[in-house]
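Trainee: Hey, got a minute? I'd like to go through this structure with you, bit by bit.
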Amino acid sequence: MGDKMACKPTAERLLNQARQDTEALKAKGIHPHLAVVLVGENPASQVYVSNKVKTCGELGIASTFEKLPADTTTEALLALIQKLNGDDGVHGILVQLPLPEQIDESAIISAIDPDKDVDGFHPVNVGRLSLGEPGLFPCTPMGVIELLKDSIDVLKGKHAVVVGRSNIVGKPMAQLLLKEHCTVTIMHSRTQNPADVCGQADIIIAAVGVPGLVSGDWVKEGAVVVDVGINELTKEADVTRFCKEGSRKMKAFRKKGRILYGDVFYDEALEKAALVTPVPGGVGKLTIAHLMVNCVTAAKRKADV
Ligand code: NAD
């Protein structure tokens with residue numbers, strides 16, 4: 001029986017680092033500044049954006065919040081990006097995704113100055129990551145690497161299996177694990193014999209968006225399991241599949257009619273693994289903490305300090 005893998009200490013370490021770096025920059029007359037852009041009224045996006053702006057405030061990072069209507073055109077958003085690119089006082093630009101359908105998302109991502117691209121999604125930063133050059137890299141996988149460094153004595157030589165191959169989590173996660181000299185396998189929806197493949201992993205990173213996909217028979221004894229997935233369960237049948245009657249999660253479901261659940265079948269994984277991150281209260285904290293680190297990194301590089 002393993003333990004819950006706490007993400008909070010790593011998140012706090014990253015936030016403290018960002019706070020101290022912000023103070024040091026301010027002492028030199030440089031005030032790190034993040035511009036956050038939200039298009040439309042997506043309720044989840046509104047919560048994410050307000051958390052990001054709030055965290056900036058807590059660390060002394062300046063922030064600007066640009067809210068645009070849901071019917072904004074690609075051209076209008078590009079014009080705002082160009083304005084922010086040209087503003088020397090702005091060090092980081094974050095356009096909250098997903099964007100409304102009429103907007104060309106890849107044109108927007110490619111228009112952001114790569115050195116202000118705090119989400120790390122710009123093709124130039126994707127290339128820099130692949131080449132092992134300095135750049136700004138996606139916050140969730142960067143946060144997960146910091147968590148693994150804090151939790152595992154030696155990453156070098158470990159077999160890491162990344163479940164999911166998205167551009168924002170799976171692929172950059174695999175690149176970052178390679179950089180740490182792990183042996184990396186990427187699993188996806190067409191992978192055959194998933195339990196056999198995943199069952200070889202010393203480290204499993206699940207980023208799929210399928211609740212409870214990584215079941216106990218996918219997990220090797222003593223593995224470390226990081227659950228990136230965030231899924232909302234609203235059907236009783238789904239919740240009873242993963243959560244025991246009387247458990248905290250089941251009580252929460254009975255009260256609210258919904259719970260958040262990860263891509264890992266938590267109770268089963270915990271039977272075999274050494275460590276498993278919880279959902280909620282796990283990787284999400286690392287993502288926002290690393291966004292702050294990226295913002296300060298962008299400001300430091302601009303000032304060449
Ligand atoms: P995505 O939909 O872009 O990608 C999912 C990936 O999973 C795809 O590459 C697909 O090939 C793969 N996949 C689908 N079914 C599979 C299967 N049966 N076996 C193996 N792989 C399969 O999703 P994403 O943006 O990478 O996000 C993944 C999850 O992580 C979502 O639940 C999302 O909400 C969550 N997420 C959390 C954070 C955080 O801060 N905690 C950040 C980003 C994403």
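Mentor: Sure. Let's begin with Pro 98, which sits in the loop between strand E4 (92-95) and helix H4 (105-111). Keep in mind that this is a predicted model.

Trainee: Okay, so what kind of peptide bond runs from Leu 97 to Pro 98, cis or trans?
Mentor: Cis, with omega near 0 degrees.

Trainee: And which residues does the cis bond with omega of about -5 degrees join?
Mentor: That bond joins Val 279 and Pro 280. Pro 280 is in a loop too, between strand E11 (275-276) and H12.

Trainee: H12, got it. What follows that helix?
Mentor: The segment after H12 is where you find Asp 304. Asp 304 has a positive phi of about 60 degrees, although it isn't a glycine.

Trainee: Is Asp 304 buried or exposed?
Mentor: Exposed, because its relative accessibility is 70% and the cut-off for exposed is over 50%.

Trainee: Where does Asn 193 sit, then?
Mentor: Asn 193 is in the loop between strand E6 (183-187) and helix H8 (194-198). Its phi is positive, about 50 degrees, and Asn 193 is not a glycine either. With 51% relative accessibility, Asn 193 counts as exposed.

Trainee: Switching topic: how is the chain split into domains?
Mentor: The domain assignment gives domain 1 (29-113) and domain 2 (139-285). Their C-alpha centres lie 29 Å apart.

Trainee: Now the ligand. Which residues come nearest to it?
Mentor: There are 20 residues around the ligand, and the nearest are Arg 165, Ser 166, Val 228, Ile 230 and Thr 287.

Trainee: What sort of residues make up that shell?
Mentor: They divide into 9 nonpolar, 10 polar and 1 charged. Helix H12 (residues 283-303) gives the largest share of the shell, with 3 residues.

Trainee: Which polar backbone atoms are the ligand's oxygen atoms paired with?
Mentor: One pair has an oxygen atom of the ligand 3.0 Å from a polar backbone atom of Ile 230. In another, an oxygen atom of the ligand is 3.4 Å from a polar backbone atom of Val 228. There's a nitrogen atom to mention as well: it is 3.4 Å from a polar backbone atom of Ser 189.

Trainee: And how much of the ligand does the protein bury?
Mentor: The protein buries 69% of the 860 Å² that the ligand exposes when taken alone.

Trainee: Why look at area at all?
Mentor: Because the size of an interface is often given as the accessible area lost when the parts come together.

Key: Residues numbered from 1 in each chain as written. Predicted model: local features only at pLDDT ≥ 70, side-chain atom pairs only at ≥ 80, totals over all residues. Heavy atoms only, no water. Domains from an automatic or database assignment. Near = heavy atom within 4 Å. Polar contact = N/O pair within 3.5 Å; in protein donor to acceptor, adjacent residues only side chain to side chain. Areas by Shrake-Rupley, 256 points an atom, 1.4 Å probe, with all protein chains shown as cover. Helix = DSSP H or I, 4+ residues; strand = E, 2+ residues; numbered from the N terminus. Nonpolar A, V, L, I, M, F, W, Y, C, P; charged D, E, K, R; others polar. Buried < 20%, exposed > 50% of the residue type's maximum accessible area, 1.4 Å probe, protein only.
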